[in-house]
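Here are a few worked exercises on cysteines and serines. Try each one yourself before you read the solution.

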Amino acid sequence: MLQKVWVSSPGSWALQEPNSHRQGKKRCWKCRFVRTIIQHPCRRHAPKRSRKERMLRKIQICLCFCFVSGILYEISLLSSCVFSYLPMAQQYLTPEQVLNLGKSIIFLETTERLEPPPLVSCSVESAARIYQDRPIILFMRGLNNETALDMNTSYAAFSLLSSMKNVFLFPLQMETVFQETPLLQWYNQVVPEQEKNWVHVSSDASRLALIWKYGGIYMDTDVISIRPIPQQSFLAAQKSRFSSNGIFGFPARHKFIWDCMENFVLKYNGNIWGNQGPFLMTRMLKTLCNLTDFQGTEDHSCQNISFLNPQRFYPIPYPAWSRYYQVWDKSPSFNHSYALHLWNFMNRNRKVVVAGSNTLAENLYKTYCPSTYEDLIQNAKHR
């Protein structure tokens, strides 16, 4: 005889004859099934609630719905906006919200200019392409609430950068950046107009504070990214036994960066170029490590800090900086490099990338920042 499966009690199954439901067992099979799944009395047999209880129940449901909706909205906001750039007038994410996501790539513009030159645009674009899963942030000293309102229409480079989904442009507000760091007291006492190298000194200080607070990677605006940097805590060797501060990366609240900020203030001398920059990084690294010459392309490491080989970022050293703007018989592969520093301080904008020149720099633009290169070509045609 065929048998049917019926639910007899929560969590148990019983075999009944086909006509068993006629023998005084008139319970709703749907209610029994639901009761088995959620172990809750059938609504039909539940005692009626008072009007007040029903109203409270509805309020609870509404509050739960609002709470869940809020969470979903936050998730959608981060997933869709964190890696998409919105015009600053419509941008609801603050620098802190973006930076707190971690692993940002940070650039600084400490002059007042609002139109980034092609090399700055190329640096930001190349990073955005190489690190597509990370926020790319360009902090600009000249950017404020007034200039932000129409920056996409007034400045061509902003329109170019805004097309990249993970690029953010934010004002650089130094007093806010230096809060809760040893640099705040120094900043409140220094007189920028009397500082010989204020643009560089203020940049040296800002990059330390930002990386200490939020972590990530700092890069100069004349660095072209060509492949991801695998290390999390690293300094870049400019040459043997000498560290650059043009590229470095650390997790948030790293003690080495805190010590660098303290030494920045203790040994401050704004008249000596680099005293708060590469010389600072080098003397602080020497307190931890016995620096030796590099042999081949190996990296050095001590105290969980990687000291990366000069080939990683400086395969063309600063005395030969002009080679980036020369035509090569055969372009180098840079197989051992993560990024290339183009030494704009040495160049001082004397040499620029010219479309059709076939220089090494032009070929780098074509490969790693094609949108910037296309814009360069269009501007050349207009001229």
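**Exercise 1.** Leaving aside its neighbours within four places in sequence, which residues is Ser225 in contact with? Then place Ser225 in the secondary structure and decide whether it is buried or exposed.

A quick note before we start: this is a predicted model, where local features need pLDDT of at least 70, side-chain atom pairs count only at pLDDT 80 or more, and totals for chains, interfaces and linings use all residues. Residues are numbered from 1 along each chain as its sequence is written, and side-chain values use heavy atoms, with hydrogens and water left out.

*Solution.*
- Step 1: with contact meaning heavy atoms within 4.5 Å, the partners of Ser225 outside that four-place window are Ser126, Ala127, Ile130, Tyr131, Met219, Tyr338, Ala339 and Tyr368.
- Step 2: Ser225 sits in strand 7, residues 223-225. Helices (H or I, at least four residues) and strands (E, at least two) are DSSP runs, numbered from the N terminus.
- Step 3: Ser225 has 0% relative accessibility, so it counts as buried. The scale goes like this: buried is under 20% relative accessible area, exposed is over 50%, and partly exposed is in between (1.4 Å probe, protein chains only).

**Exercise 2.** Find the disulfides, and work out where the cysteines of each pair lie.

*Solution.*
- Step 1: look for pairs of cysteine sulfur atoms within 2.5 Å, which is the rule for a disulfide. That search gives 2 disulfides.
- Step 2: take Cys122 and Cys369, whose sulfur atoms are 2.0 Å apart. This pair links distant parts of the chain, 247 residues apart: Cys122 is in helix 4 (118-130), while Cys369 is in the loop between helix 14 (360-368) and helix 15 (370-382).
- Step 3: check the handedness. The torsion about the S-S bond of Cys122 and Cys369 is about -80°, so this disulfide is left-handed.
- Step 4: Cys122 is buried because its relative accessibility is 0%, and Cys369 is buried because its value is 0%.
- Step 5: now Cys289 and Cys302, with sulfur atoms 1.4 Å apart. Cys289 is in the loop between helix 12 (278-286) and strand 10 (300-302), and Cys302 is in strand 10, 13 residues apart. Both Cys289 and Cys302 are buried.

**Exercise 3.** Where does Ser233 lie, and what does it touch?

*Solution.*
- Step 1: Ser233 is in the loop between strand 7 and strand 8 (234-239).
- Step 2: its relative accessible area is 13%, so Ser233 is buried.
- Step 3: skipping residues up to four places away in sequence, Ser233 touches Gly249, Phe250, Pro251, His254, Asn304, Ile305 and Ser306.
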